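Reader: I have a structure open and do not know where to begin. Can you take me through the features one by one?

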Amino acid sequence: MRFDAQDIVLDTTRGNVGRITAINGDCLVLTRPHHPPWDALTSWCMPATLTERQRLENQEQDQREAAA
């Protein structure tokens, strides 16, 4: 599956949803609020559901508001 930077995906090996911040071949760097970035292979990931995307976007918004 092909992913683009800024896509929100589910890392099936960790069960975590994250935003792609970098792509290096088959390796994705994923981030989510209040957690360190982690690496995941594209074969481990699938597109996040609408609910998962909304939840992550809400967490990101909360983090931006807290930083302001």
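**Reading the model**

Author: Start with confidence. This is a predicted model. The protein chain has an average pLDDT of 96, and 100% of the residues score at least 70.

Reader: Which elements have the lowest and the highest mean pLDDT?

Author: Helix α1, residues 50–67, has the lowest mean, at 96. Strand β1 has the highest, at 98.

Reader: Next, the sheet. In what order do the strands lie?

Author: Read a sheet from one side to the other, not along the chain. Here five strands form an open sheet in the order β4-β3-β2-β1-β5, with antiparallel pairing. The edge strands are β4 and β5 (45–47), and each pairs on one side only. On average, neighbouring strands are turned by 45° against each other, direction ignored.

Reader: How many bridges join β1 to β2?

Author: Four, and the two strands run antiparallel. One bridge sets D11 against N16 in β2. Four residues lie between β1 and β2 in their hairpin. In that turn, G15 has a positive phi of about 70°.

Reader: And how do β2 and β3 pair?

Author: They are antiparallel too, with five bridges; β2 covers residues 16–24. Follow the partners in β3. R19 is bridged to T31. A22 stands opposite V29. I23 stands opposite L28. The hairpin of β2 and β3 has two residues between the strands, and G25 in the turn shows a positive phi of about 65°.

Reader: What is the bridge partner of V29 in β4?

Author: D39. So follow V29 across: A22 stands opposite V29 in β3, and D39 is its bridge partner in β4. Strands β3 and β4 pair antiparallel over five bridges.

Reader: Why would anyone single out a positive phi?

Author: Because most residues other than glycine have a negative phi. Now look at the case here. H34 has a phi near 65°, a positive value in a residue other than glycine. H34 sits in the loop between β3 (27–32) and β4 (35–41). That hairpin has two residues between its strands.

Reader: Is H34 buried or exposed?

Author: Exposed, because its relative accessible area is 66%, and the cut-off for exposed is over 50%.

Reader: Where is Q6, and what is its phi?

Author: Q6 lies in the segment before β1 (8–11). Its phi is near 85°, again positive in a residue other than glycine. Q6 is partly exposed, at 45% relative accessible area.

Reader: Now the inside. Which residues make up the largest nonpolar core?

Author: Look for buried nonpolar residues whose side chains join up. Here there are eight: F3, V9, I20, L28, L30, W38, A40 and C45. Strands β3 and β4 each supply at least two of them. A second, separate core has five residues, including I8, L10, V17 and L56.

Reader: What does V9 touch?

Author: Leave out residues up to four places away in sequence. V9 then touches F3, N16, V17, G18, I20, L30, C45, M46 and A48.

Reader: Why can I8 and V9 belong to separate cores?

Author: Keep to the general idea. In a regular strand the side chains alternate between the two faces of the sheet. For this structure, V9 is listed in the largest core, and I8 in the second.

Reader: Where does the helix lie?

Author: Helix α1 lies across β1, β2 and β3. It runs at about 80° to β2.

Reader: Last feature. How many salt bridges does a search of the whole structure find?

Author: Three. Take each pair, then check burial. R2 and D4 form one, with their closest N and O atoms 2.6 Å apart. R2 is exposed at 69% relative accessible area, and D4 is partly exposed at 40%. R14 and D11 form another, at 3.6 Å from N to O. D11 is buried, with a relative accessible area of 0%.

Reader: Which parts of the chain does the pair of E60 and R19 link?

Author: Distant ones: E60 is in helix α1 and R19 in strand β2, 41 residues apart. Their side chains meet at 2.8 Å, N to O. E60 is buried, at 12% relative accessible area. R19 counts as buried too, at 15%.

Note on methods: Residues numbered from 1 in each chain as written. Heavy atoms only, no water. Buried < 20%, exposed > 50% of the residue type's maximum accessible area, 1.4 Å probe, protein only. Core = buried A, V, L, I, M, F, W, Y, C linked by side-chain atoms within 4.5 Å. Contact = heavy atoms within 4.5 Å. Pairing = 2+ DSSP bridges. pLDDT = per-residue confidence, 0-100. Axes fitted to C-alpha atoms, helices over the stretch in contact; angles between N-to-C directions. Salt bridge = Lys/Arg side-chain N within 4 Å of Asp/Glu carboxyl O.
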